[in-house]
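Here is a short report to read alongside the sequence and the coordinates. Have the viewer open, and follow the residues as they come up.

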Amino acid sequence: MPTGPKGEKRPADVIGNAVKVMKILTGEEPEDYGDAHAKNQAAAELGRKGGKKRAESMTPERRAEIAKKAAVKRWGGSKQL
C-alpha cells in the first residue's frame, strides 16, 4: 500500500483514495500520520550552534571566499574563483 508524504497509509486506486479523503474530511476516520521520528535533543542543540561557531573560528577572508563560491553556485555564473 502506498504511503503519503508523512508516512500514512493510502489506498493505491483513485476511487479508494477519494473515499479515504472524504472520510477524513467528514471526520469518519482519523488522519493517521504514523510514528513520529524523535530527534536526539543533544544533537539538535549542537546542530543549531554549529554554523555560528564555525563562522566565529574563520578569518574574514575565508568567509568571503566561501560566500563568493556560494553566490557563483547559486546564481549560475561561469566565473571561476
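Let us begin with one glutamate. Leaving aside neighbours within four places in sequence, Glu-29 is in contact with Lys-20, Lys-23 and Ile-24. Glu-29 itself sits in the loop between helix 1 and helix 2 (41-57), and its relative accessible area of 24% makes it partly exposed. One of those contacts is also a charge pair: Lys-20 and Glu-29 form a salt bridge, with their closest N and O atoms 2.5 Å apart. Keep in mind, as you look at such distances, that this is a predicted model.

**The overall fold**

The protein has three helices and zero strands, so the pattern along the sequence reads α-α-α. Of its 81 residues, 10% count as buried. Among the contacts with a separation of 6 or more, 9% join residues that are 24 or more positions apart. The accessible surface comes to about 7300 Å², and carbon and sulfur atoms hold 57% of that area.

**Helix 1 and its two sides**

Helix 1 covers residues 14-26. At 1.5 Å a residue, its 13 residues should span 18 Å, and the end C-alpha atoms are indeed 18 Å apart, so expectation and model agree. Which residues of helix 1 are buried? They are Gly-16, Lys-20 and Ile-24. Viewed down the helix axis, these buried residues fall within an arc of 75°, which means that they line one face of helix 1. The general geometry is familiar: an α-helix has 3.6 residues a turn, so residues three or four places apart point the same way.

Two of the buried residues, Lys-20 and Ile-24, are also among the contacts of Glu-29. Lys-20 is thus worth a second look in the viewer, as a residue that is buried and that takes part in a salt bridge with Glu-29.

On the other side of helix 1, Val-14, Ile-15 and Leu-25 are exposed. Val-14 has a relative accessibility of 70%, and it counts as exposed because that value is over the 50% cut-off. Val-14 and Ile-15 also belong to a nonpolar surface patch of about 400 Å², which they make together with Val-19 and Met-22. After the helix comes Gly-27, whose phi is positive, near 85°.

**Helix 3**

Helix 3 has 16 residues and reaches 22 Å from its first C-alpha to its last, close to the 22 Å expected at 1.5 Å a residue. This helix, too, is followed by a glycine: Gly-76 has a positive phi, near 70°.

Arg-62 and Glu-65 meet here in a salt bridge. They are three residues apart in helix 3 (residues 60-75), so about one helical turn separates them. Both partners are partly exposed, Arg-62 at 38% relative accessibility and Glu-65 at 45%.

**The salt bridges side by side**

How many salt bridges does the structure hold? There are two, and the table lists them. In general, side chains of opposite charge can pair when their charged atoms come close.

| Basic residue | Acidic residue | N to O distance |
|---|---|---|
| Lys-20 | Glu-29 | 2.5 Å |
| Arg-62 | Glu-65 | 3.0 Å |

To place them in the fold, recall that Glu-29 is a residue of the loop between helix 1 and helix 2, whereas Arg-62 and Glu-65 are both in helix 3.

Definitions and conventions. Residues are numbered from 1 along each chain as its sequence is written. This is a predicted model: local features need pLDDT of at least 70, side-chain atom pairs count only at pLDDT 80 or more; totals for chains, interfaces and linings use all residues. Side-chain values use heavy atoms; hydrogens and water are left out. Helices (H or I, at least four residues) and strands (E, at least two) are DSSP runs, numbered from the N terminus. The expected span of a helix is 1.5 Å times one less than its number of residues. Buried means under 20% relative accessible area, exposed over 50%, partly exposed in between (1.4 Å probe, protein chains only). The arc is that of the directions from the helix axis to the C-beta atoms. A salt bridge is a side-chain nitrogen of Lys or Arg within 4 Å of a carboxyl oxygen of Asp or Glu. Patches are made of residues with over 30% relative accessible area and no salt bridge: like charges are joined within 9 Å, nonpolar side chains (Val, Leu, Ile, Met, Phe, Trp, Tyr) within 5 Å. Accessible areas come from the Shrake-Rupley method with a 1.4 Å probe; for residues, only the protein chains shown count as cover. Contact means heavy atoms within 4.5 Å.
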